[in-house]
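I opened this notebook to keep track of how the strands are arranged and what packs against them. I begin with the sheet and then turn to a hairpin.

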Amino acid sequence: MSTAQNRRSVISEEVAPWSEIRQLLRGGEAGKLVPVIIPRHHRRRLWWMLLLWLGVFSLLSGVMLSLGASDGLAGVAYGVLATVGYAFGTVLVLSGLLWWWRSSIAEIEQGTTGVLTRYGAVTRTLEPGRHYLWHPWSRVDFVVDTATEIPYSAPVVACPTRENVPLRSIEFFLKFKITDAVLFVRTIGAGNFDLVLSSAVQDAIRQRGRQVRTERAYDLRGSDVDDMQELLNRQLSRYGVRITGSNIPDVQLPAQYQQHLATRERVAKERAAYEQEWGLTRKRRIDSLQMDIERAKKVRDARIVEVKAALNKAREEVAQLLEEQETNAQKVRFEIETRGRSGLISAENEARAQRRLAQAYRDNRAVLQYELARRRLEVGAILAGKAPQPVVVRTDGTGAGTDTSALSTLLTAQLLPRLTALPPVSTALRPADGE
């Protein structure tokens, strides 16, 4: 807690001579932020007016002495005194004027704004550079840093979360800039502004802390605080101050929750390591599977090439076989056509021969019939001339004492030709049968 308190920024205003204004505005004093300097006007004292009045008095004295001078020794003494009065008065007037000129110079540092007052009332502001304040009662009461973005750190201790668990501290860092020097110095001042700003930051941080769960308190670090910055700008705009940037750089949890979060972080790291290891293992497995897949693809492609080659070869063989079969079929068809043509020609020739033979047969039929009839008549005549005498053999058994056995019939048939001594009828008729 003490560390957090020591790290808190303190805004104050300091009284310093003109020679130390630059150092105080840029570096502060003893860890303090000094945006406002009250110049120590040792050169604006009115001693120069005393010199002027003394010089005028000396000149008037010299004039009076010159008017009162007469002849003689007294006149010479009055003349000498008048000369001394003139000389002393002139020196005093010149010294007073020089002192007046020297004390009227006001040099405003670059990046700062001077607040000019007259009789305690603000008249105007002075831009950086050299200015001459001829009026005796005009003075620069404040020199305000209006160009620098002043950093301010405000740690909040014992900030409760949503579960009402007090956090050890929440450090809030902001940068502010004084936009209206007169409004700032006359409305609030640097010392009061420190209290107001600290209170406003405390309220904003505690409102934000109430919205966060304790286990998610570390999420406040580096979180978006634009809403808090807008709220602070609305509260501080009446003082001529604008917040230019803010963030939460650090959050400190109680010891118990720190141990809890340390355990969570350790588990998270172990989980991350396990996930990383598992990711590497999975990557190796995926790479191995991809290699196997690529190898299988190569084997498949090789087999596809072989199958395509075999298919092409089979197609070539089938085409060749079909060509041979077609050739053989054409040869057989040609042979069949040749044989058919030959058979057709022979059949046509035979048909013509048959037609011719039939024609010749029709022409010779009458002649042949005539010749046949004539031969028949000749054969009949010959047969008639040589015909044997008939022998009647009764075999029916009607007469008395006749033998009707088979043996007698056979003997009769064998003896009849011999008895007749004639050639058989079949021999005489054979030529006719041949015809």
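The entries below follow the order in which I looked things up.

Entry one, the sheet. I kept in mind from the start that this is a predicted model. Looking up the strand order, I found that 5 strands form an open sheet, arranged 1-2-7-4-5, and that their pairing is mixed. At the edges stand strand 1 (10–16) and strand 5 (121–126), and because each has a single partner strand, one side of each is left without a neighbour in the sheet. From one strand to the next, I noted a twist that averages 25 degrees.

Entry two, a pair within the sheet. I then followed strand 2 (residues 32–39) to strand 7 (residues 138–145), and found the two paired in the antiparallel sense over 2 bridges. Opposite I37, I found V143 in strand 7. I also looked up helix 6 (residues 189–210), which packs on the sheet and touches strand 1 and strand 2, while its direction makes about 175 degrees with that of strand 1.

Entry three, the hairpin. Is strand 8 enclosed by the rest of the structure or not, I asked? Of the 11 residues of strand 8 (residues 150–160), 9 are buried, which means under 20% relative accessible area, so the strand is largely enclosed by the rest of the structure. Strand 8 runs antiparallel to strand 9 (residues 166–178), and 10 bridges join them. For V157, I noted S169 as the bridge partner in strand 9. Strand 8 and strand 9 form a hairpin with 5 residues between them, and in the turn N164 has a positive phi of about 65 degrees.

Key. Residues are numbered from 1 along each chain as its sequence is written. This is a predicted model: local features need pLDDT of at least 70, side-chain atom pairs count only at pLDDT 80 or more; totals for chains, interfaces and linings use all residues. Side-chain values use heavy atoms; hydrogens and water are left out. Two strands pair if DSSP finds at least two bridges between them. Helices (H or I, at least four residues) and strands (E, at least two) are DSSP runs, numbered from the N terminus. Axes are lines fitted to C-alpha atoms, for helices over the stretch in contact, and angles run from 0 to 180 degrees between N-to-C directions. Contact means heavy atoms within 4.5 Å. Buried means under 20% relative accessible area, exposed over 50%, partly exposed in between (1.4 Å probe, protein chains only).
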